[in-house]
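Reader: Hi! I am new to protein structures and would like a close look at a single part of this one. Could you take me through it slowly?

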Amino acid sequence: MDFWMSSAVGLAAVNLLLLTALGAVWLRNYRTFRTNLLLGLLLFAGVLAVENLVAIVAYLSTEMIYAGGTTAMYAVVGLRAMQFVAIAFLTVVTLFPSGRILQSIRGAPGGEHS
């Protein structure tokens, strides 16, 4: 498996892990609040998780599909990377709703910066 194929599989696996964490949080919240928004987010996470799982299986079992076309592999890795960025944003706003992670990156609010 070359670098680009490994990158695509790795990104899909990370996406799957993040979606699992998001799904767990959204399921817990859905059980508490029973809102359609949370049900929609749960379905979104489920569908995307299945898609990433199928992608991993497809990459590992049919590697020769992408072997001849580096352009296709670049596109696949690019799409996986964009999906990762989108899921990462959802993960940050779901797991850190008060913005604590952003405050720690920027420094304490109201503090003086040199």
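Here is a walk along one helix, α2, and the parts it packs against.

Author: Happy to! Please keep in mind that this is a predicted model, so everything below describes a prediction.

Let's begin with the setting. The protein has five helices and zero strands, so reading from the N terminus you meet α-α-α-α-α. Of its 114 residues, 26% are buried. The accessible surface is about 7600 Å², and carbon and sulfur atoms account for 71% of that area. Among contacts with a separation of 6 or more, 73% join residues 24 or more positions apart.

Now for our helix. α2 covers residues 36-61, which is 26 residues. How far apart should its ends be? At 1.5 Å a residue, a span of 38 Å is expected, and the end C-alpha atoms are 37 Å apart, which agrees. You can try the same check on helix α1, residues 3-33. Its 31 residues should span 45 Å, and the end C-alpha atoms of α1 lie 44 Å apart, so the two values agree here as well.

Which residues of α2 are buried? They are L38, L42, A45, L48, A49, N52, A55, I56 and Y59. Here is a helpful rule for reading such a list: an α-helix has 3.6 residues a turn, so residues three or four places apart point the same way. Try following the list along the helix in the picture with that rule in mind.

Let's pause at A55, which is found in α2. Its relative accessible area is 9%, and because buried means under 20%, A55 counts as buried. The C-alpha atom of A55 is 8.8 Å from that of A8, although 47 residues separate the two along the chain. A8 is one of the buried residues of α1, a list that also includes M5, V9, L19 and W26.

That brings us to the neighbours. Two packed helices are described by the angle between their axes and the distance between the axes. For α1 and α2, the angle is about 155° and the axes are 8 Å apart. That makes α1 roughly antiparallel to α2, because angles over 145 degrees count that way. Their crossing is left-handed.

Between these two helices, in the loop, sits R34. R34 comes after α1 and has a positive phi, near 55°, even though R34 is not a glycine. Is R34 buried or exposed? With a relative accessibility of 57%, R34 counts as exposed, because the cut-off for that word is over 50%.

The other partner is helix α4, residues 70-95. The axes of α2 and α4 come within 13 Å and cross at roughly 150°, so α2 and α4 are also roughly antiparallel to each other. This crossing, too, is left-handed. Where they meet, α2 contributes F44, L48, E51, N52, A55 and Y59, while α4 contributes V76, R80, Q83, I87 and L90. Notice A55 again, now among the residues that meet α4.

Finally, look at L11, which lies in α1. Leaving aside its neighbours within four places in sequence, L11 is in contact with V77, R80, A81 and F84. You have already seen R80 on the α4 side, where α2 and α4 meet. The C-alpha atoms of L11 and L79 are 9.7 Å apart, with their positions 68 residues apart along the chain.

Terms used:
Residues are numbered from 1 along each chain as its sequence is written. This is a predicted model: local features need pLDDT of at least 70, side-chain atom pairs count only at pLDDT 80 or more; totals for chains, interfaces and linings use all residues. Side-chain values use heavy atoms; hydrogens and water are left out. Helices (H or I, at least four residues) and strands (E, at least two) are DSSP runs, numbered from the N terminus. Buried means under 20% relative accessible area, exposed over 50%, partly exposed in between (1.4 Å probe, protein chains only). Contact means heavy atoms within 4.5 Å. Accessible areas come from the Shrake-Rupley method with a 1.4 Å probe; for residues, only the protein chains shown count as cover. The expected span of a helix is 1.5 Å times one less than its number of residues. Axes are lines fitted to C-alpha atoms, for helices over the stretch in contact, and angles run from 0 to 180 degrees between N-to-C directions. Angles under 35 degrees count as roughly parallel, over 145 as roughly antiparallel, 65 to 115 as roughly perpendicular and the rest as oblique. A crossing is left-handed if the near helix is turned anticlockwise from the far one by less than a right angle, and right-handed if clockwise.
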